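Here is a set of exercises to work through with the model open beside you. Try each task first, then follow the solution one step at a time.

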Amino acid sequence: MMKRILIYSLLMLAMGMSAQEVPTFFPRKFLLEHFTSANCNQCPMGMKYIVEYLDKQTTPYIWVSHHAVYGTDEYTIPASNAIAMNYLGMNTVPSVAFNRSKQDGLMVIGAWNIENLVVKDDTVAEASVMIEHQYDEVSRRLDVTVSGQVANRDRKEYLLSILIKENRLVGKQEDAYCSWKGAKWQEYMHPRVVRDFVTATFGDTVRVENQAYNYTTSYIIDETWVPENCCVVAYLTPLEKSPVINAEQ
């Protein structure tokens with residue numbers, strides 16, 4: 001991470017900028033929130049549609065999967081339902097929200113219609129997001145610092161969300177397309193599952209000072225999670241909770 005900061009500083013110097021100057025924009029990564037459930041027999045096919053769509057895209061993205069809406073399964077957490085049902089007003093899966101920004105008037109699109117998803121605002125952001133972390137294997141304590149610069153001089157506060165997702169979770173999955181095998185439930189590898197939020201569900205308020213922000217917190221990793229399969233995700237939104245301004249993992 002320190003190497004990345006050094007490279008960034010050297011690039012600014014090469015452009016004739018001092019390390020203290022703030023760029024007018026930053027490279028952006030988009031947040032893809034995928035809503036699914038082990039109880040949903042259409043969700044494996046929905047995943048196929050999402051993967052095929054993303055394979056054609058060049059826009060950098062970060063994918064997180066919420067197990068929500070369609071009943072509860074072993075990976076459902078209250079925060080995921082709060083985002084899906086209470087905030088986005090969802091009532092069906094599989095669905096996706098792209099940066100929590102409206103696409104053709106809708107903030108959520110069904111996986112079957114993902115081809116209609118259009119990135120409307122390129123890959124430029126008004127703020128950067130950088131993550132530094134340390135993990136202690138004995139205590140299972142994760143220390144996270146998220147920081148960045150802000151090009152928008154008018155905005156003095158943001159909401160910063162930090163979550164932990166886990167890959168390679170082998171569990172059950174209802175799958176309508178495997179029913180011919182005589183088994184309702186299939187063993188399934190669940191990827192990018194949102195395990196918990198380190199911050200509040202819709203983020204903690206961070207204050208901008210001198211066009212920069214910095215936030216540090218700690219979290220104890222659950223003993224049932226595999227740390228090597230976990231990933232820290234952070235994203236920034238306005239106080240209105242959407243759209244996502246920038247994200248990192």
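**Exercise 1. The cysteines**

Is cysteine 40 buried or exposed? Work out its surroundings in this predicted model, then decide which cysteines are bonded and which are not.

*Solution.*
Step 1. Start with accessibility: cysteine 40 has a relative accessible area of 3%. The cut-off for buried is under 20%, so cysteine 40 is buried.
Step 2. Do the same for cysteine 43, which has 2% relative accessibility and also counts as buried.
Step 3. Now look at the sulfur atoms. Cysteine 40 and cysteine 43 are joined by a disulfide, with an S to S distance of 2.5 Å. The structure holds one disulfide.
Step 4. Check the handedness: the torsion about the S-S bond of cysteine 40 and cysteine 43 is about 95 degrees, so this disulfide is right-handed.
Step 5. Turn to cysteine 230. The closest cysteine sulfur belongs to cysteine 231 and is 8.7 Å away, which is too far for a bond. Cysteine 231 is accordingly in no disulfide, its nearest cysteine sulfur being that of cysteine 230. With a relative accessible area of 18%, cysteine 231 is buried.

**Exercise 2. The chain as a whole**

How many helices and strands are there in the chain, and what share of its residues is buried?

*Solution.*
Step 1. Count the elements: the chain has three helices and 16 strands.
Step 2. Take the burial: of the 249 residues, 50% are buried.
Step 3. Add the surface: the accessible area of the chain is about 12700 Å², and 51% of that belongs to carbon and sulfur atoms.
Step 4. Finish with contacts. Among those with a separation of 6 or more, 71% are between residues 24 or more positions apart.

**Exercise 3. Helix H3 and strand S12**

Which strands do the buried residues of H3 pack against? Trace the packing outward from the helix.

*Solution.*
Step 1. List the buried residues of helix H3 (residues 78–87): they include Ala79, Ser80, Asn81, Ala82, Ile83 and Ala84.
Step 2. Find the packing partners, which are strand S2 (30–36), strand S3 (61–67) and S12.
Step 3. Follow S12 (residues 193–197), where four of the five residues are buried.
Step 4. Look for its pairing: S12 and strand S9 (residues 157–166) are antiparallel, with four bridges. One pair to inspect is isoleucine 164 with its bridge partner in S12, aspartate 196.
Step 5. Go back to the end of the helix: glycine 89 follows H3 and has a positive phi, near 70 degrees.

**Exercise 4. Leucine 160 and its contacts**

Which residues does leucine 160 touch, not counting residues up to four places away in sequence?

*Solution.*
Step 1. Place the residue: leucine 160 is in strand S9, and its relative accessible area is 0%, making it buried.
Step 2. Collect the contacts, which include Val146, Thr199, Val206, Tyr215 and Leu236. Asp204 is also touched by leucine 160.
Step 3. Compare sequence with space: leucine 160 and aspartate 204 are 44 residues apart in sequence, and their C-alpha atoms are 5.3 Å apart.
Step 4. Try another pair. Arginine 28, in the loop between strand S1 (26–27) and S2, is 219 residues from alanine 247 in sequence but 7.1 Å from it in space, C-alpha to C-alpha. Arginine 28 counts as buried, at 8% relative accessibility.

**Exercise 5. Salt bridges**

How many salt bridges does a search of the whole structure find? Sort three of them by where their residues sit.

*Solution.*
Step 1. The search finds eight.
Step 2. Begin within a helix. Lysine 48 and glutamate 52 form a salt bridge, with the closest N and O atoms 2.7 Å apart. Both lie in helix H2, four residues apart, or about one turn. Lysine 48 is partly exposed at 42%, and glutamate 52 is partly exposed at 36%.
Step 3. Move to loops. Glutamate 126 meets arginine 155 in a salt bridge of 2.8 Å, N to O. Glutamate 126 is in the loop between strand S6 and strand S7, and arginine 155 in the loop between strand S8 and S9, so the pair ties together parts 29 residues apart in sequence.
Step 4. End with strands. Arginine 207 and glutamate 157 form a salt bridge at 4.0 Å, N to O. This pair links strand S13, which holds arginine 207, to strand S9, which holds glutamate 157, across 50 residues.

Definitions and conventions. Residues are numbered from 1 along each chain as its sequence is written. This is a predicted model: local features need pLDDT of at least 70, side-chain atom pairs count only at pLDDT 80 or more; totals for chains, interfaces and linings use all residues. Side-chain values use heavy atoms; hydrogens and water are left out. Buried means under 20% relative accessible area, exposed over 50%, partly exposed in between (1.4 Å probe, protein chains only). Helices (H or I, at least four residues) and strands (E, at least two) are DSSP runs, numbered from the N terminus. Two strands pair if DSSP finds at least two bridges between them. A disulfide is a pair of cysteine sulfur atoms within 2.5 Å. Contact means heavy atoms within 4.5 Å. Accessible areas come from the Shrake-Rupley method with a 1.4 Å probe; for residues, only the protein chains shown count as cover. A salt bridge is a side-chain nitrogen of Lys or Arg within 4 Å of a carboxyl oxygen of Asp or Glu.
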